[in-house]
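Me: I'd like a close look at one part of this model, please. Start with whichever strand pairing you like, then take me through the rest in one go.

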Amino acid sequence: MRDTLRIELSDSEGALMRLVGLVERRGFTIATLEKADAADGQSTVIMRLSARDGARSLDVLTRQIGRLFDVRAVFTPELAAAEAAHASYRWRQACPPRN
Amino acid sequence: MTALPATQTLAEASPPAPAKQTGAHAVVRTLEVLGVERVFGYPGGAIMPVYDALTGSSLKHILVRHEQAAAFAADAQARLTGKAGVCLATSGPGATNLLTGIANAYMDSVPMIILTGQVPSGLMGTDAFQEVDVFGMSMPVVKHSIIIRDPMRIPEMIAEAFAIAEGGRPGPVLIDLPKDVLQAEAYPTLPPESRLSAGPSPSRQADLDAAAALLSSSERPVLYIGGGVALGGAVEAVRDFMGRTGIPAVATLKGLGCAHPEAENFLGMLGMHGGRAANVAVDECDLLVCCGARFDDRATGRLDSFAKGARIIHMDGDGAEIGKLRTADAAIEGDIADALARLDPGYLDIEDWRKSCRERKERHAFRYDAPGHGVFAPAMLKQLSEAAGDDFIAACDVGQHQMWVAQHCRFSRPEHHLTSAGLGAMGYGLPAGIGAAMERPDAKVVTITGDGSVMMNIQELATAHRYGVPVRILLLDNASLGLVRQWQEYFFDQNFSEIDLYDNPDFAEVAHAFGIEAFTVHSREEVPAAIDRLLNARGPILAHVLIDPRENVWPLVPPGASNADMMED
């Protein structure tokens with residue numbers, strides 16, 4: 001099953017590489033990744049991903065992403081992934097924003 | 001770390017600088033202003049501007065003989081002080097030689113600043129001489145990393161790196177410094193206040209109430225102490241909680257020293273080489289209170305049989321650890337010391353459980369009456385740590401001796417047990433002992449190593465000699481890679497493959513060649529005098545102790561087995 005995450009991160013050098021590397025190392029495969037720049041030195045990344053085995057928890061992954069220094073906030077869709085594929089995403093914050 | 005007024009310039013904040021200041025001067029003077037006193041490093045091409053700026057600085061540079069040792073020494077200093085250790089190397093091989101030490105700090109959550117020289121910005125990405133992408137290579141093993149592209153931002157970015165390394169769950173932060181940035185003329189202003197928060201938040205009262213309810217209804221609770229206790233400054237809180245509740249406690253390798261060493265209800269280390277009392281208590285408990293531990297596989301054995309009948313309270317300063325490997329019935333994220341102080345389950349009616357844990361601890365206590373006249377390493381280590389007392393600091397290498405230290409030595413504080421726990425890096429012991437003894441010259445710092453491990457950084461005897469470091473080196477020599485040999489004996493049908501170190505050098509003679517006092521211990525009768533000589537030495541000293549190659553570490557949980565299925569001698 002694929003899940004979707006929205007990650008807001010600063011545009012600092014290596015931020016995207018750090019994010020992608022962490023997701024891969026923690027046992028997830030990235031199916032699609034979309035990055036959009038925001039005006040305030042931040043980027044938004046939306047990725048669809050799936051765990052390589054059933055023991056990996058998306059909830060734990062979101063917290064591991066959330067402790068990256070470049071990451072400002074992590075969101076999961078409010079709708080289940082299957083429904084979300086056919087609807088506009090509404091996001092629920094999964095990790096507290098970093099000040 | 002020193003707080004810095006936002007408007008102060010480097011020239012105002014530190015001793016007079018040369019008329020022309022460069023990025024390299026900014027690096028050195030920022031470190032001075034941030035309160036760094038000592039850096040461990042090794043010079044080379046791309047980092048030469050920093051070495052040029054070091055002369056005349058108040059920083060004490062310790063010249064190691066391999067960059068890996070610089071990282072290990074800085075790591076040990078950081079573990080003792082709680083402040084980031086600093087190491088320094090050039091680009092290319094200098095940087096790659098640091099990687100094992102960086103990984104070691106990352107795995108054990110040690111605050112560290114790693115400064116690496118880099119080829120000039122214009123050459124980055126061109127496969128230039130001594131160019132490697134250490135920024136990219138180190139990403140999996142750093143808490144954060146930066147490349148400083150603008151010399152004017154050097155103070156600000158270094159200060160931020162320290163704040164990241166030391167804040168929250170600590171870890172290593174790498175700063176890559178292109179040579180042109182170091183050579184550029186620059187007069188930067190000191191940084192503004194850090195944007196990081198000071199520390200973990202207090203836990204939610206509702207979570208504490210849920211945990212208290214679980215505790216109140218438990219008949220067989222066990223406290224499972226990990227390295228996060230010391231990192232969270234919660235040692236006194238753990239000791240108070242143990243005294244207040246009487247809950248039997250076990251510790252991971254990194255949790256040793258958190259419980260008071262004489263605490264009656266402390267059952268020792270759990271896990272692969274844990275004691276029977278600790279492993280059986282966890283196996284039988286109905287509630288496991290995980291405090292700053294992470295369900296590491298060396299501690300849990302087969303995870304699905306670990307504390308299989310127990311509910312879990314998991315408290316940690318790092319919320320990403322909660323639920324990573326075992327679902328928590330009550331999760332407490334935040335300041336561990338604060339959580340323990342506020343966690344009040346009231347009177348616990350667990351006297352029968354306490355008594356059975358105590359009796360098992362006595363029944364399965366380690367024995368030191370091994371037959372024969374050869375040196376019995378566990379007994380020697382026990383005597384050594386007891387003779388050294390509360391000032392005993394062990395810098396372990398990796399192997400059988402590391403496990404014997406964990407099982408048999410007495411630690412008054414967790415930071416006195418310097419061990420490569422997560423990474424298990426052979427070669428850690430000697431440079432870590434040097435870093436620790438420089439930081440705490442009045443303590444009884446002992447590097448405890450083996451004949452395999454010591455050869456991985458034996459060149460650091462030169463560093464110990466050059467600076468007259470009061471490090472005592474206890475080298476337990478079984479002429480083999482003992483832990484590998486033990487596994488081959490029991491799990492690989494005694495197919496002994498490449499573990500025989502019969503042709504080791506005479507280590508006492510090696511030490512002499514480096515100008516270090518050394519002697520050899522052949523028999524059990526010589527042990528008391530050897531311990532006395534080691535502990536009373538004022539400079540570096542090495543005791544080469546010959547032990548039986550057939551000696552093993554017991555108990556042992558076989559790989560893939562439950563902790564309840566321990567093998568014993």
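Reply: Let's begin in chain A of this predicted model, where strand S2(A), residues 28-37, pairs with strand S3(A), residues 42-51, in the antiparallel sense over 9 bridges. These two strands form a hairpin, with 4 residues between them. To find your way there, look for Asp37(A), which stands opposite Ser43(A) in S3(A). In the turn itself sits Gly41(A), with a positive phi of about 75°.

Now over to chain B, for a strand that pairs in the parallel sense. Strand S4(B) covers residues 112-118, and 7 of its 7 residues are buried, so the strand is largely enclosed by the rest of the structure. Follow the side chains and you'll see Met112(B), Ile114(B), Thr116(B) and Gln118(B) pointing one way, while Ile113(B), Leu115(B) and Gly117(B) point the other way. Both sets are buried.

What does S4(B) pair with? One partner is strand S3(B), residues 85-89, which runs parallel to S4(B) and is joined to it by 5 bridges. Leu88(B) is a handy marker, as it stands opposite Leu115(B). Put helix H5(B), residues 93-107, together with S3(B) and S4(B), and you have a right-handed β-α-β unit. Another partner is strand S6(B), residues 172-178, again parallel, this time over 7 bridges. On that side, Met112(B) has Pro172(B) as its bridge partner.

Next, have a look at helix H7(B), residues 154-166. At 1.5 Å a residue, its 13 residues should span 18 Å, and the end C-alpha atoms are indeed 18 Å apart, so the two values agree. The helix is also largely enclosed by the rest of the structure, because 10 of its 13 residues are buried. Among them are Ile154(B), Pro155(B), Met157(B), Ile158(B) and Phe162(B), plus several alanines such as Ala159(B) and Ala161(B). H7(B) is followed by Gly168(B), whose phi is positive, near 55°.

Positive phi turns up in residues other than glycine too. Phe295(B) has one of about 55°, and you'll find this residue in the loop between strand S10(B), residues 287-291, and helix H13(B), residues 297-300. Its relative accessibility is 2%, so Phe295(B) counts as buried. Ala479(B) also has a positive phi, near 55°, and belongs to the loop between strand S16(B), residues 472-477, and helix H20(B), residues 482-491. At 27% relative accessibility, though, Ala479(B) counts as partly exposed, because buried means under 20% and exposed means over 50%.

While you're checking the backbone, zoom in on Trp554(B) and Pro555(B), which are joined by a cis peptide bond with omega at about -5°. Pro555(B) lies in the segment after strand S18(B), residues 541-546.

Last stop: the inside. The structure holds 1 cavity of 30 Å³ or more, with a volume of about 30 Å³. Lining this cavity are Asn279(B), Val282(B), Asp283(B), Ser305(B), Phe306(B), Ala307(B), Asn563(B) and Ala564(B). Sorted by class, the lining has 4 nonpolar, 3 polar and 1 charged residues.

Terms used: Residues numbered from 1 in each chain as written. Chains lettered and ligands numbered in written order. Predicted model: local features only at pLDDT ≥ 70, side-chain atom pairs only at ≥ 80, totals over all residues. Heavy atoms only, no water. Expected span 1.5 Å × (residues − 1). Buried < 20%, exposed > 50% of the residue type's maximum accessible area, 1.4 Å probe, protein only. Pairing = 2+ DSSP bridges. Right-handed = clockwise from strand over helix to strand, strands pointing away. 1 Å grid on protein atoms, 1.4 Å probe; cavity = no way out; pocket = protein on both sides within 12 Å on 5 of 7 lines; lining within 4 Å. Points joined across faces, edges and corners; volume = space filled by probe spheres on them. Nonpolar A, V, L, I, M, F, W, Y, C, P; charged D, E, K, R; others polar.
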